[in-house]
Amino acid sequence: MKSILRVVIAVALLVCGCSRPEDRKAASSPEQSGQLKDARASDSLLRIGPDMLRDLRVTTSAAEERQGSDGVSLLGEVTINENAFSQVGPPVPARIVTMSASQGQHVVRGQPLAVLQSVDLGRARSENITAQAKLRLAQQTLERKRRLVAERIVAQRDVQEAEAAVASAEAEVKAAHAALQALGAGDEAGDSSLLVLRAPIAGTVIERAGLLGQMAEPAQALFKIAGLNTVWLNVHAFERDAVRLRAGSPARVTLPAWPGQTFPAKVSLVGNIVDPVSRTVSVRIEIANRSGALRPGMSAAALVPFAANAQQIITVPAASVQRIDEDWFVFIPRSPGAFEMRLVGRGRDLEGEIEIVKGLKKGETVVVEGAFLLKAEAEKARSEGKEHDHD
């Protein structure tokens, strides 16, 4: 017993004596405070009393290095293919007169969806008619003056003025026609204030809004049309996995809604930005859906293979990694009754093992059985330390 206490005291004196003046000076530097915090966390020793140490069952294991898995399983939700999606609404405030397409209906490009009535459209069509009438009159005036100048009845200057009037009228017609195109108006006969909304793409009406007689605003989408021959599965991969994924790689997708079935797919996009909170990268997987079995909103999982030359990874038993506050630690035996609390970066769960992405090297020994009790002692020591500092 006395020998154990002498070893513990010797280790404590050694740790205290190793601190250098320049380290204490650096601790006062704001830009290095974060680094020193991690250093203190990784170098802190947890000491266990002899009585508890005698009752504590401790088993250890060495950190192993092995080949990373051949792929990664990613969870996500099926969404529409945004390259085959359109929202259709009025370009100007208008009243709904008829609705000819319903939710779930398949439509072809150019098919009428609804008829609206708009005062603004009626005004634009009137301006177009007026501009065309001015053009015809200007053209007739030009032809007459050209005949008169040939008979030397009018001067050449009158012809030039008539030509300028024709050019101005043509510009007005083009402007009026462009205004109609901007409003999505065609050449429908009948009431000039009527606007026919048409499907811009072929697909399925997945959503319809609005009632007959209701006013529709430009910001309101009356119809949402999606081509469902292909759908997307949007998932998020941890950055350590994302760097080993490549666009164009094949994938296999499974869904709880269709147990026992696998849908072939491919990775169409691996994002370029890492989310600062979750430390993940968005990944888009494209799935063929000609049968229509996949519907937006379904949950799914995709198994995506890694690119060639997968990296070696460090793993330890899952029980050895313990969470204290917001960080993950392992306990490394240093001497009887003394354990180093090592701050580590926790990676994936690998069937009873945990991937360590930083803070641990191959061959280092960690506590497995007994790590949970060491965590409890560490939390107790931290709590007592805070109370002491408060006093």
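Ile 285 touches twelve listed residues outside its sequence neighbourhood: Val 231, Trp 232, Leu 233, Val 235, Ala 251, Val 253, Ala 265, Lys 266, Val 267, Ser 268, Ala 302 and Val 304, where residues up to four places away in sequence are not counted. The coordinates are those of a predicted model. Ile 285 is also one of the residues with the most contacts inside the largest nonpolar core, which has 27 residues. The others in that group are Leu 233, Leu 245, Val 253, Leu 255, Ile 287 and Val 304. At least two residues of this core come from each of strand 4, strand 13, strand 14 (250–255), strand 15, strand 16 and strand 17 (299–305). Another core lies apart from it and holds 18 residues, including Val 88, Leu 222, Phe 223 and Ile 225. In soluble globular proteins, nonpolar side chains tend to be buried together.

**Barrel and open sheet**

Strands 4, 13, 16, 15, 14 and 17, taken in that order, close into a barrel of six strands with antiparallel pairing. From one strand to the next, the twist averages 40°. Within the barrel order, strand 4 is followed by strand 13, and five bridges join these two in the antiparallel sense. One position in this pairing is Gly 76, whose bridge partner in strand 13 is Val 235. Val 235 is also among the residues that Ile 285 touches.

A separate heading covers the open sheet, in which four strands are arranged in the order 5-12-10-7, again with antiparallel pairing. Strand 5 (85–88) and strand 7 (106–107) are the edge strands, each pairing on one side only. Strand 7 runs antiparallel to strand 10, and two bridges join them. Opposite Val 107 stands Gly 203 of strand 10.

The two strand pairs described above are set out here.

| Strand pair | Residues | Bridges |
|---|---|---|
| Strand 4 and strand 13 | 71–80 and 230–238 | five |
| Strand 7 and strand 10 | 106–107 and 203–208 | two |

**Loop residues with positive phi**

Most residues other than glycine have a negative phi. Arg 279 has a positive phi, near 60°, and lies in the loop between strand 15 (258–274) and strand 16 (280–288). Both of these strands supply core residues, at least two each. Arg 279 itself has 38% relative accessibility, so it counts as partly exposed. Asp 325 likewise has a positive phi near 60°. The loop that holds Asp 325 runs between strand 19 (322–324) and strand 20 (327–335). With a relative accessibility of 48%, Asp 325 counts as partly exposed because the exposed class begins over 50%.

**The chain as a whole**

The protein chain contains eight helices and 23 strands. Of its 391 residues, 34% are buried. The accessible surface comes to about 23,200 Å², and carbon and sulfur atoms account for 53% of it. Among contacts between residues at least 6 apart in sequence, 74% join residues at least 24 apart.

**Confidence**

The average pLDDT of the protein chain is 81, and 82% of the residues score at least 70. Over residues 1–42, pLDDT stays under 50, and the model has 26 contacts beyond four places in sequence for this stretch. Where pLDDT is low, the predicted coordinates should not be read in detail.

Note on methods. Residues numbered from 1 in each chain as written. Predicted model: local features only at pLDDT ≥ 70, side-chain atom pairs only at ≥ 80, totals over all residues. Heavy atoms only, no water. Pairing = 2+ DSSP bridges. Axes fitted to C-alpha atoms, helices over the stretch in contact; angles between N-to-C directions. Buried < 20%, exposed > 50% of the residue type's maximum accessible area, 1.4 Å probe, protein only. Contact = heavy atoms within 4.5 Å. Areas by Shrake-Rupley, 256 points an atom, 1.4 Å probe, with all protein chains shown as cover. pLDDT = per-residue confidence, 0-100. Core = buried A, V, L, I, M, F, W, Y, C linked by side-chain atoms within 4.5 Å.
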